[in-house]
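Trainee: I have just opened this structure and would like some help reading it. Could you walk me through a few features?

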Amino acid sequence: MRKLGTGWRRFQRIIPPADAPIPVDVATRTGLEAKVSDISEGGVELRYSSGEPPRPGDSMTLLLHLPQEAPVRARARVCHVDATRIGLAFTDLTPQGRESLRRYVQIHGAERSLWHRVRQLWAG
């Protein structure tokens, strides 16, 4: 994974393309419906539409369905929660899961410029 040269993030983050969303199952939160709004090798941001949101510091188990990859099971710690978003930092990933995330970010990161990402964030 390529580290960013500037800014405070350790890993490059990718917004999944609208035509190829990343489905996610939240194993530890029944009724929490969420979708991936951005992802990196270090964590993920989920937008949730229903269900009881977790609190910062809570632990969650996710099953990420990356395109053309085996499902990635990840343990994550909740870093922040607001009215519609949950920010999570991965705390436990298998080496295969980390490699799957690395490939996904490299492929989609090469397709997207920073300007494209800013426009998506502004519109979304």
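Mentor: Let us look at strand pairing and then at two serines. This is a predicted model, in which local features need pLDDT of at least 70, side-chain atom pairs count only at pLDDT 80 or more, and totals for chains, interfaces and linings use all residues. Residues are numbered from 1 along each chain as its sequence is written, and side-chain values use heavy atoms, leaving out hydrogens and water.

Trainee: Which strands pair with β6?

Mentor: Helices (H or I, at least four residues) and strands (E, at least two) are DSSP runs, numbered from the N terminus. Two strands pair if DSSP finds at least two bridges between them. Here β6 (residues 85–93) runs antiparallel to β3 (residues 43–50), with 5 bridges; Glu45 stands opposite Gly87. Strand β5 (residues 72–81) also pairs with β6 in the antiparallel sense, over 7 bridges, and Ala76 has Phe90 as its bridge partner. A hairpin with 3 residues between its strands is formed by β5 and β6.

Trainee: Is Ser100 buried or exposed?

Mentor: Buried means under 20% relative accessible area, exposed over 50%, and partly exposed in between (1.4 Å probe, protein chains only). Ser100 counts as buried because its relative accessibility is 6%. This serine lies in helix α1 (residues 95–111).

Trainee: What does the side chain of Ser59 make a polar contact with?

Mentor: A polar contact is a pair of N or O atoms within 3.5 Å; within protein, one must be able to donate a hydrogen and the other to accept it, and residues adjacent in sequence count only if both atoms are side-chain atoms. For Ser59, the partner is the side chain of Arg75, at 2.6 Å. Ser59 is in strand β4 (residues 59–64).
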